[in-house]
There are 2 protein chains.
Amino acid sequence: MRLYQNRTMLVVCCPAIGYFFHAHVPEETALMSHIEPRFCSQCGSDQIVNRIPDGDDHLRDVCGACGHIHYFNPKIVVGALPIWEEKILLCKRAIEPRYGKWTLPAGFMEEQETLEEGALRETLEEAGARIVLTGLYTVISLPDISQVYMLYRANLSDLDFAPGRESLQARLFAADEIPWDELAFRTISLTLKHYLADCASGAFPVRNEILRHPARGVAG
Amino acid sequence: MRLYQNRTMLVVCCPAIGYFFHAHVPEETALMSHIEPRFCSQCGSDQIVNRIPDGDDHLRDVCGACGHIHYFNPKIVVGALPIWEEKILLCKRAIEPRYGKWTLPAGFMEEQETLEEGALRETLEEAGARIVLTGLYTVISLPDISQVYMLYRANLSDLDFAPGRESLQARLFAADEIPWDELAFRTISLTLKHYLADCASGAFPVRNEILRHPARGVAG
């Protein structure tokens with residue numbers, strides 16, 4: 001059985017019984033894993049077999065023609081928790097998933113950059129804001145969607161910020177103004193909860209957490 | 001101009017002048033980045049164009065036939081620093097790169113697992129050892145090869161360990177026995193140096209670092 005995802009669509013195929021169906025699914029689930037290759041990226045063959053290669057112990061998409069193994073690994077979502085005079089900068093999303101919901105500036109880390117550069121870039125792209133990082137803060141595994149969130153605490157350099165093309169709005173929220181019911185992702189609410197709790201003590205140790213899909217239980 | 005890598009081989013192609021060459025390169029450099037697609041993974045076309053898609057600001061491998069964008073992102077290398085009575089468990093590598101050099105058990109994080117599960121799996125695979133994690137310890141960006149190392153401190157559960165198929169040997173080293181000149185990677189020596197220094201104070205905060213290619217200067 002194979003699973004394909006396409007934003008909010010889940011496609012399940014079982015060639016053995018010639019059956020497939022597709023269904024709309026919760027957006028967080030829809031982001032699971034990678035897009036399956038249908039053709040070999042090295043020789044163009046359509047003979048992709050999902051099997052455990054010799055000397056390996058994980059299922060991989062292996063080309064039956066040239067033998068190329070297509071590896072896929074978890075993605076890092078990197079971002080920041082920008083602060084200005086005890087207020088937190090949030091962005092209202094202008095894109096799916098979670099259009100219209102509030103988030104910290106964050107996105108997929110790019111090749112050839114450091115985590116720190118990724119956090120600065122995402123904050124500039126999504127909130128038009130310049131920041132100074134003050135330390136790695138939350139490290140959150142999301143095994144169901146093969147992502148690891150890595151968010152930095154940061155200070156806003158100035159108030160000259162404006163929503164980027166992926167944001168409808170960027171604004172500062174005092175602790176008692178945070179729109180808890182309108183936050184985009186559980187990683188964001190978890191990070192904000194830790195931050196507000198840690199503000200009381202003034203110590204901000206790195207928080208290493210696990211968030212599993214609610215349907216599977218066990219939120220770490 | 002395009003770069004392809006194949007373990008210790010670097011291939012440079014410049015179609016504009018019909019020129020290409022290949023050369024053996026240092027192994028750490030050879031591991032840079034991803035394997036470029038030559039065919040579209042979704043439609044099989046060979047019309048892959050390296051360009052910035054609309055609404056993006058990074059070069060991507062875009063299919064000229066179906067429009068599919070092939071995204072590539074940094075990989076996480078996850079592992080552990082296993083301790084038994086103040087001694088550190090190292091593995092002697094049985095694979096390239098760095099065959100015969102000593103390392104902490106670590107490897108590419110797999111999809112659908114947590115960082116913690118990855119650290120346990122790699123330690124079992126490479127050293128045949130069972131551990132109890134005691135905390136995330138080093139988080140090291142390697143932008144030149146698009147990797148992020150994430151290593152956990154850990155206690156060995158017992159002395160029943162043995163080298164896995166990727167290791168020639170697994171053994172415990174006291175602080176004054178560490179083979180500094182025979183370590184496989186700079187991430188490993190940096191982690192061990194931090195650990196020995198932190199043992200003096202008994203506090204092990206998460207260490208967030210950057211290691212750039214020596215030729216490019218600036219080791220963070």
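**Figure 1. Strands β5 and β6 of chain A pair up around A:Asp61 and A:His70.** In this predicted model, A:Asp61 has A:His70 in β6(A) as its bridge partner. Two bridges link β5 (residues 60–63) of chain A to β6(A), and the two run antiparallel. Here, strands pair if DSSP finds at least two bridges between them. Strands are DSSP runs of E with at least two residues, helices are runs of H or I with at least four, and both are numbered from the N terminus. Zoom out a little and you get an open sheet of three strands in chain A, ordered β4-β5-β6, with antiparallel pairing. Its edges are β4 (48–51) and β6 (69–70) of chain A, each of which pairs on one side only.

A word on conventions: residues are numbered from 1 along each chain as its sequence is written, while chains are lettered from A and ligands numbered from 1 in the order in which they are written. As for confidence in this predicted model, local features need pLDDT of at least 70, side-chain atom pairs count only at pLDDT 80 or more, and totals for chains, interfaces and linings use all residues.

**Figure 2. Chain B has its own open sheet of three strands, β4-β5-β6.** The pairing is antiparallel, with β4 (48–51) and β6 (69–70) of chain B as the edge strands, each pairing on one side only. Strand β5 (residues 60–63) of chain B and β6(B) are antiparallel partners over two bridges. Look for B:Val62, which sits opposite B:Ile69 of β6(B).

**Figure 3. A:Phe72 sits in the loop between β6 and β7 (75–84) of chain A.** With 16 C-beta neighbours inside 10 Å, A:Phe72 counts as partly exposed. The scale goes like this: a residue is buried if 20 or more other C-beta atoms lie within 10 Å of its own, exposed if 12 or fewer, and partly exposed in between, with C-beta atoms placed from the backbone. Leaving aside residues up to four places away in sequence, A:Phe72 touches A:His34 and B:Glu111. Contact here takes C-beta atoms, placed from the backbone, that lie within 7 Å. A:Ser33 is 39 residues from A:Phe72 in sequence, yet their C-alpha atoms are 8.4 Å apart.

**Figure 4. A:Ser141, in strand β11 (residues 131–142) of chain A, touches residues of both chains.** A:Ser141 counts as buried, with 25 C-beta neighbours inside 10 Å. Setting aside residues up to four places away in sequence, A:Ser141 touches A:Val148 and A:Ile210, plus B:Thr114 and B:Leu115. A:Arg212 is 71 residues away from A:Ser141 in sequence but 8.2 Å away in space, C-alpha to C-alpha.

**Figure 5. Helix α3 (residues 186–201) of chain B has a buried side.** This 16-residue helix reaches 23 Å from its first C-alpha to its last, close to the 22 Å expected at 1.5 Å a residue; that expected span is 1.5 Å times one less than the number of residues. The buried residues of α3(B) are B:Thr187, B:Ile188, B:Thr191, B:Leu192 and B:Tyr195. They cover an arc of only 125 degrees around the axis, so they lie on the same side of α3(B); the arc is taken over the directions from the helix axis to the C-beta atoms. They pack against β7, β8 (87–93), β9 (102–103), β11 and β12 (147–156) of chain B. On the face turned away from the buried side you'll find the exposed residues B:Ala197, B:Ala200 and B:Ser201. Right after α3(B) comes B:Gly202, with a positive phi near 80 degrees.

**Figure 6. Helix α2 of chain B spans residues 115–127.** Its 13 residues should span 18 Å at 1.5 Å a residue, and the end C-alpha atoms are indeed 18 Å apart. Buried residues of α2(B) include B:Leu115, B:Gly118, B:Leu120 and B:Glu126. B:Gly128 follows α2(B), with a positive phi near 60 degrees.

**Figure 7. Chains A and B meet through the same surface.** On chain B, 33 residues are in contact with 33 residues of chain A. The elements giving two or more residues to that side of chain B are β7 (75–84), β11 (131–142) and β14 (207–210), and β11(B) provides the largest share, three residues. By type, this side of chain B has 16 nonpolar, eleven polar and six charged residues (nonpolar: Ala, Val, Leu, Ile, Met, Phe, Trp, Tyr, Cys and Pro; charged: Asp, Glu, Lys and Arg; polar: the others, Gly among them). Chain B superposes on chain A by a rotation of 180 degrees with 0.0 Å of shift along its axis (RMSD 0.0 Å). The two copies are thus related as by a two-fold rotation axis; the fit is by least squares on C-alpha atoms of residues with pLDDT of at least 70 in both.

Conventions:
Contact = placed C-beta atoms within 7 Å.
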